Amino acid sequence: MAELTYRGLKYIQTKSAKGSQEVHLHYCGHEIMSKRIHEAMKAEMG
């Protein structure tokens, strides 16, 4: 099984992927979300 690292902690993958299935992970950090919220508020005001 694969060893995964998230926020400095290690986890062992317990489920097996079917065939050669690709897994795409996407994480929106706090900085990105704050920027999006700021842009949305600015667009709403103006």
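**The whole chain**

Start with the cartoon view of this predicted model. Look for one helix and two strands in the protein chain. Follow the sequence along, and the pattern reads β-β-α.

Now colour by pLDDT. The chain averages 76, and 67% of the residues score at least 70. Which element has the lowest mean pLDDT, and which the highest? Helix α1, residues 30-45, has the lowest, at 80. Strand β2 has the highest, at 86. Keep one rule in mind as you go: where pLDDT is low, do not read the predicted coordinates in detail.

Switch on the surface. The accessible surface comes to about 5,000 Å². Carbon and sulfur atoms own 58% of that surface. How much of the chain is buried? Of its 46 residues, 2% count as buried.

**The two strands**

Select residues 3-6. This is strand β1. Add residues 9-12, which make up strand β2. In which sense do β1 and β2 pair? They pair in the antiparallel sense, over four bridges. To see how they line up, pick Glu3 and look across to β2: Ile12 stands opposite.

**The turn**

Move to the stretch that joins the strands. β1 and β2 form a hairpin, with two residues between them. Select Arg7, which sits in the loop between β1 and β2. Check the backbone angle here. Arg7 has a positive phi of about 50°, although it is not a glycine. Is Arg7 buried or exposed? Its relative accessibility is 63%, so Arg7 counts as exposed.

Show the side chain of Tyr6 as well. Tyr6 belongs to strand β1. Its side chain makes a polar contact with the side chain of Arg7, at 3.3 Å. Tyr6 is partly exposed, because its relative accessible area of 44% falls between the 20% and 50% cut-offs.

**The salt bridge**

Go back to Glu3 and add Lys10. How many salt bridges does the structure hold? It holds one. The side chains of Glu3 and Lys10 meet in it, with 3.6 Å from N to O. Lys10 is exposed, since its relative accessible area is 58% and the cut-off for exposed is over 50%.

**The nonpolar patch**

For the last stop, select Leu4, Tyr6, Leu9 and Tyr11, and show their surface. Together these residues make a nonpolar surface patch of about 410 Å². Which elements give two or more residues to the patch? They are β1 and β2. Click Leu9 to find a member that lies in strand β2. Then click Tyr6, a member found in strand β1.

**Look back**

Zoom out and run through the stops once more. The hairpin is formed by β1 and β2. Arg7 is in the loop between them. Glu3 and Lys10 meet in the salt bridge. Tyr6 appears at two stops: its side chain has a polar contact with Arg7, and Tyr6 is one of the residues of the nonpolar patch.

Key. Residues are numbered from 1 along each chain as its sequence is written. Side-chain values use heavy atoms; hydrogens and water are left out. Two strands pair if DSSP finds at least two bridges between them. Buried means under 20% relative accessible area, exposed over 50%, partly exposed in between (1.4 Å probe, protein chains only). Accessible areas come from the Shrake-Rupley method with a 1.4 Å probe; for residues, only the protein chains shown count as cover. A salt bridge is a side-chain nitrogen of Lys or Arg within 4 Å of a carboxyl oxygen of Asp or Glu. Patches are made of residues with over 30% relative accessible area and no salt bridge: like charges are joined within 9 Å, nonpolar side chains (Val, Leu, Ile, Met, Phe, Trp, Tyr) within 5 Å. A polar contact is a pair of N or O atoms within 3.5 Å; within protein, one must be able to donate a hydrogen and the other to accept it, and residues adjacent in sequence count only if both atoms are side-chain atoms. pLDDT is the predictor's confidence in each residue, from 0 to 100.
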